[in-house]
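Trainee: Could you take me through one part of this model at close range? I'd like to start with the place where two chains meet.

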Amino acid sequence: MAASPAYGEEKGGSSSLGEPEYGHDPASGGIFASDYKRHDDLKEMLDSNKDSLKLEAMKRIVAMIARGKNASDLFPAVVKNVACKNIEVKKLVYVYLVRYAEEQQDLALLSISTFQRGLKDPNQLIRASALRVLSSIRVPIIVPIMMLAIKEAASDMSPYVRKTAAHAIPKLYSLDSDQKDQLIEVIEKLLADKTTLVAGSVVMAFEEVCPERIDLIHKNYRKLCNLLIDVEEWGQVVIINMLTRYARTQFLSPNQNESLLEESAEKAFYGSEEEDTKDAKAEAASLAKRKPYVMDPDHRLLLRNTKPLLQSRNAAVVMAVAQLYFHLAPKAEVGVIAKALVRLLRSHSEVQYVVLQNVATMSIKRRGMFEPYLKSFYIRSTDPTQIKILKLEVLTNLANETNISTILREFQTYIRSMDKDFVAATIQAIGRCATNIGKVRDTCLNGLVQLLSNRDELVVAESVVVIKKLLQMQPAQHSEIIKHMAKLTDNIQVPMARASILWLIGEYCEHVPKIAPDVLRKMAKSFTNEEDIVKLQVINLAAKLYLTNSKQSKLLTQYVLNLAKYDQNYDIRDRARFIRQLIVPTEKSGALNKYAKKLFLAQKPAPILESSFKDRDHFQLGSLSHLLNAKAVGYQELPDWPDEAPDPSVRNVEVPEWTKCTSREKRKDKVEKPFYSDSEGESGPTESADSEPESDSEESGSSSSSGTSSSSSEEEDEEEEEGGSEEQSEDKEGEEEEEEKRKKKKEKGGPRKASPRSVGSEEEEEAEGKKVKKAAGPQGKKGHAESSSEEASASESSSSGSDSGTEAPTVVEAKRRKIPSSKAGPKEISLLDLDDFTPPPPQPVPSSSIISTSLVTDLEGLTLTDTSLAPALLSPAFGAVRTYELLHRMAGEGLSVEYCFSRRPFPGDPHMVAVQIQISNNTDAEVKSLRVSEPKLLAGMRIQEFPEIESLAPGDTASVVMGIDFCDSTQAANFQLCTHTRHFYVSIQPPVGELMAPVFMSENEFRKEQGKLTGMSEITEKLTLPEKCRSDHAIVQQVTSAANVGRVPCGADNEYRFAAKTVTSGSLVLITLEWREGAAAQLTVNSEKMVIGTMLVKDIIQALAQ
Amino acid sequence: MIHSLFLINCSGDIFLEKHWKSVVSQSVCDYFFEAQEKAIDVENVPPVISTPLHYLISIYRDKIFFVSVIQTEVPPLFVIEFLHRVADTFQDYFGECSETAIKDNVVIVYELLEEMLDNGFPLATESNILKELIKPPTILRSVVNSITGSSNVGDTLPTGQLSNIPWRRAGVKYTNNEAYFDVIEEIDAIIDKSGSTVFAEIQGVIDSCIKLSGMPDLSLSFMNPRLLDDVSFHPCIRFKRWESERVLSFIPPDGNFRLISYRVSSQNLVAIPVYVKHLISFKENSSSGRFDVTIGPKQNMGKTVEGVVMTVHMPKAVLNMNLTATQGSYTFDPVTKVLAWDVGKITPQKLPNLKGIVNLQSGAPKPEENPSLNIQFKIQQLAISGLKVNRLDMYGEKYKPFKGVKYITKAGKFQVRT
């Protein structure tokens, strides 16, 4: 009944997100019918072949899920769309799958093949999201598939996919913990990953799967420390927490000497330890034996590298560093964290809450640290109560003889607050101050007594309780106060307070002999109306009075005990019976009677008022367990410091064989340095931080953090140049060219240093620098192709804006390429691990309308890239650049357009092929507003148009660069070339060889990769080399002209290897040409992309046959 | 880490749930409701609640509770900070982080949450990356999408995701290149009854709005950087550079962001720009009291103090207030007992004054505490600490950007005890 209108309405109003409709379902009677129909409607939409309908349906389903409504009966209809082309539909289907796959395991299996296909997709985002969903659907049957997928993804080229693999590890582990051993292998592999992107995620996986396998960290410890600053903030938190535990097991306590001395004084803190060491003499001996403490350089490294993170905007990171310092740093250094923690107090109230909890714990042990910030903990009337109480806690912890007067004055204002809970807490705090600081005890007591006349009962009650505790310390002097309190029994109604007063009077009845029986009389009268705790105290008082003053109170006591005997509460009845037996002598009562007085009126130790935060620091600070003061599930204990330091050499990273030669080793350092934020990269502990702190900090200043360098820093420039030139001088193959280069560099460096370094002049200088480069650019081009790339990298290294991180490798790369067959040998090439790199960074699109390619390449050198962003793709090897015609001058009515593939990485998008377009105006009129429009592209292809050319004078030629993402296919990109008057349909079809960019790899890597790409991915063809193509030079020339590939060094004489990656998906293309006797040769192409492989073979053979 | 997230409005409806691992029933929120009831005031709901099977970590933002369900040990701040980041992202996407905005954009919200966490561990939280993956809703885009059938979801990996500068997206283009910096300083102070300063410090932030094409590399220097005592940075800032030269050098994110926040060392005496003369008294045994407050400028360096608002939480016993203001207008809400006086600009010639009678509940005892006065004010074109931006230089791009710096001083938590 209600169903049909709702049904209609939905169809009509489907464009607005369908969400709220589900909120107000019609009357519950109609629900089932209408739900059924609704879902029918959705099913219909999902089955349609229109993406928009599907999307609409999925949006409504997701809205249902978001509201917590059950949409599981749509599973079959939804799962069909898992392979939908529309990316948004696909994503929403993923959302749905992840939510319901667990419930519908069999149906979920239908989707698996799609993900498996997705795992092989060239687009890294698709690979990653396929893995994400596959690992999230929690279907136990597919565990082996997941395992396989994770393993594969862990060695993926894209760091993003590897990150996803790291994320998938805990998912699989929670699904099937039997896989632990295999997963640990993957974790071990990923821990060795050098990209910052992966680091945080893999440590997270480590923490969830195998936190006990601390041995896996050894080799990666230094790397993690050095990468830390560049890791994303969430990863930082996880890594810091893990390293805190690690350090606790591996290093000695920096405070050990002090702590040994302290132990006697602060038994409470170290009690447990002391019990272990039974013999004090042995202790003393071990102290004597113990060498003077020297901090392990690795320990220092950790402390130093985490310190800057105290400045993070993320409160969790700051807290993580703070706890690391608290647990690991020498006492003298812990102070630095106070400032940062106090800063967090300005943040959201939830953040304040957590931070204050931790500060409260820290302030007990390290009071001095927060003392300078005492006033930051002052309380405002607008603070939430829970914050007020925590601040009070901290203030109390910080109170000492010098500041107590200020604090007490502050407390006085708090006592008048309207927030009564807070007032009660303040009174408690005053009590604690009074017990801790003897000097002010009387002052506090007087203040509290004044509060007894407060109008608010809660305040009075709280005061009574606190006074009771205080009085226990020195009761004799305070009978006045006790008398005053006795009077209060008439007025105070709060049970706890009444009970406290009664206890006090009973305990000290000798001090107030006259009043006590009177109080008992009053209480006996009202006994039946009292609360239980008061009743107990009345009995207590009666018993005590009976023992001390039985004359006056005997009858009263009898009366009270009789009343209690028939009380409703069994505790009270029990107590009454017990006390009667104990104090009233009868025949039956045994020997205990004699001791009754001793039992009741024994000296009782005064209570110690102490913070509830005391000793909470045995939990790792900042952890959930610490906050709750209870062990949370999965909490990893913070181990105690070891007595003997474990072998520090486990953290040494093995130095591979080939670096034995010293010059090489140095070179390696040079190469690797920029990749790590710190100079000590992988070097051994010999380069300790402490040994040369100054030079070290300087160095790290230049090379650390995400691209620190910048042109205005004089020191850095100098250093960079030094670094560069040193390296050159080390290079024994010092060719003349390099000599020259060095001079040039020095020259460049010289005037810069000399010029006055006001910041203002920087821009001009920069412009100058560019001019120089512009001039240099074309020159280089005319010369040998390789030297031009050399030039480019040289200018890059000296260019002001660029980062030290990018330079060194490029320079080195360029050099290597120059001397591939000579002494350098194939081995050194593995110095550069491809996986270290991520694709080149986005580069600025030149904004001026006419720009020459040489300028574009110059600009590339200027971009500020980050350390690990050094281009993995090499500058292209130039063969003769072939130009193609885009628009003939006849067809274009005088406008002729040619294009060629410049083989330079396209600035702005690494997935695009740069196409250089040469436009000549052969008409006799000006051509205006020349631009690209209406590209007709196949799915996935993209065009980055060149900036519009405003006008082109007759006879002029303009050259522009546009980028096309061909999606690794040789399909033509069709678009219109528009002028102010005409439109020309044109198309660019790339030869297959242009769809890739060269990559650098070592022989070993090449072999390894080739090993992976066998079977279907390998294409082999025999060919005969023509006469003129039988020299090394010619073969290389021909192959590189046919395809944009980079040469890979090879040990064998008659073999040629080339490697490249496809531009869009980054799949490897490996080419091997084996030259057998005479003219016979065999060409092998290995590539995931079979089509590309086949076409490439054809093209290369054709090129060689010419 | 984070297992599930529930969004709960003030009336206790769970209007959105999202699970990153297996589904946790809504009933887990009952523990939260219990705590909420106990706390009375929303501000006092404990951020961390322990239940038999789970831990609930919640934040309260813009009248919404973000309640996350945790199963294992995790640093609580990690979750809290993340939840705030989620709220910030909603704010950024929808202009406000309200129940209606979230409900209207539930699909985008879901897509965002899906991208932000993977298996409960944060994946992408940078707004620039998220915006490349999921485009924020605009009217224009929804029209275009309905015509062209294109979607709001990006199909390639955002460039930032792979780079070391994840905060910036690639290929930014503007016709007008602008960079604006707002130096905003807030004075936190507690002034005691007699007018002397109990505690005062300056908290500052520099909020930036950067609309620059390409990959600009900026460096911002100060005339007196030593003033900054404790600074926290946006991740884009090169820390070493600051350490060595006290220059902020960074490749900025695109759009609005907070560059740094800082504290001016508490050793420096803080100039308090206003003073308050007050006389609030309640007579014993009578149902009325006197209220007389005057605000005046002091040490304001020749700048006008404006936007002055005073709010007072009056004691519970106050029934009504009968006041006259010589300037501005006042309101008293008898339910919440909040007196708000909107003064506006202070002119030294004629000091604003608010004076009159307080009506108390008859029979109730006289309130023993005088309420504290919370003052807000603004001073344009002045950074009270004296911080001054020296210059802004740009490298890496060729165009000349338009640069601007604005200073403003505000009252932060500025409280006068009476």
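How much area is buried between chain B and chain A, and what share of it do carbon and sulfur atoms give?

Mentor: Happy to! This is a predicted model, so local features need pLDDT of at least 70 and side-chain atom pairs count only at pLDDT 80 or more, while totals for chains, interfaces and linings use all residues. Residues are numbered from 1 along each chain as its sequence is written, chains are lettered from A and ligands numbered from 1 in the order in which they are written, and side-chain values use heavy atoms, with hydrogens and water left out.

Now to your question: about 10900 Å² is buried between chain B and chain A, and carbon and sulfur atoms give 56% of that area. Buried area here is the accessible area (1.4 Å probe) that two parts lose on being put together, summed over both. In residues, 119 of chain B are in contact with 127 of chain A (contact means heavy atoms within 4.5 Å).

Between chain B and chain A there are 11 salt bridges, each a side-chain nitrogen of Lys or Arg within 4 Å of a carboxyl oxygen of Asp or Glu. One example joins Asp230(B) to Arg343(A), at 3.1 Å from N to O. The two chains also share 35 residue pairs in polar contact, both residues being at pLDDT 80 or more. A polar contact is a pair of N or O atoms within 3.5 Å; within protein, one must be able to donate a hydrogen and the other to accept it, and residues adjacent in sequence count only if both atoms are side-chain atoms.

On the side of chain B that touches chain A, helix H2 (residues 76–94) of chain B supplies the largest share, eight residues. Helices (H or I, at least four residues) and strands (E, at least two) are DSSP runs, numbered from the N terminus. That side of chain B divides into 50 nonpolar, 30 polar and 39 charged residues. Ala, Val, Leu, Ile, Met, Phe, Trp, Tyr, Cys and Pro count as nonpolar, Asp, Glu, Lys and Arg as charged, and the others, Gly among them, as polar.

Asp230(B), from the salt bridge with Arg343(A), leads us to a sheet in its own chain. Chain B has an open sheet of nine strands in the order S11-S13-S9-S8-S23-S21-S16-S19-S18, with mixed pairing; two strands pair if DSSP finds at least two bridges between them. Its edge strands are S11 (228–233) and S18 (329–333) of chain B, each pairing on one side only.

Further into that order, S16 (residues 306–313) of chain B pairs with S21 (residues 373–380) of chain B in the antiparallel sense over five bridges. Thr311(B) stands opposite Asn374(B) in S21(B), and Glu306(B) stands opposite Lys378(B). S21(B) also pairs in the antiparallel sense with S23 (residues 402–416) of chain B, again over five bridges, with Gln380(B) opposite Ile408(B).

For the wider salt-bridge picture, the structure holds 50 over all chains. One of them, within chain A, is Asp296(A) with Arg651(A), whose closest N and O atoms are 3.2 Å apart. This pair links distant parts of the chain, 355 residues apart: Asp296(A) is in the loop between helix H19 (280–289) and helix H20 (297–306) of chain A, and Arg651(A) is in the loop between helix H38 (624–628) and helix H39 (662–672) of chain A.
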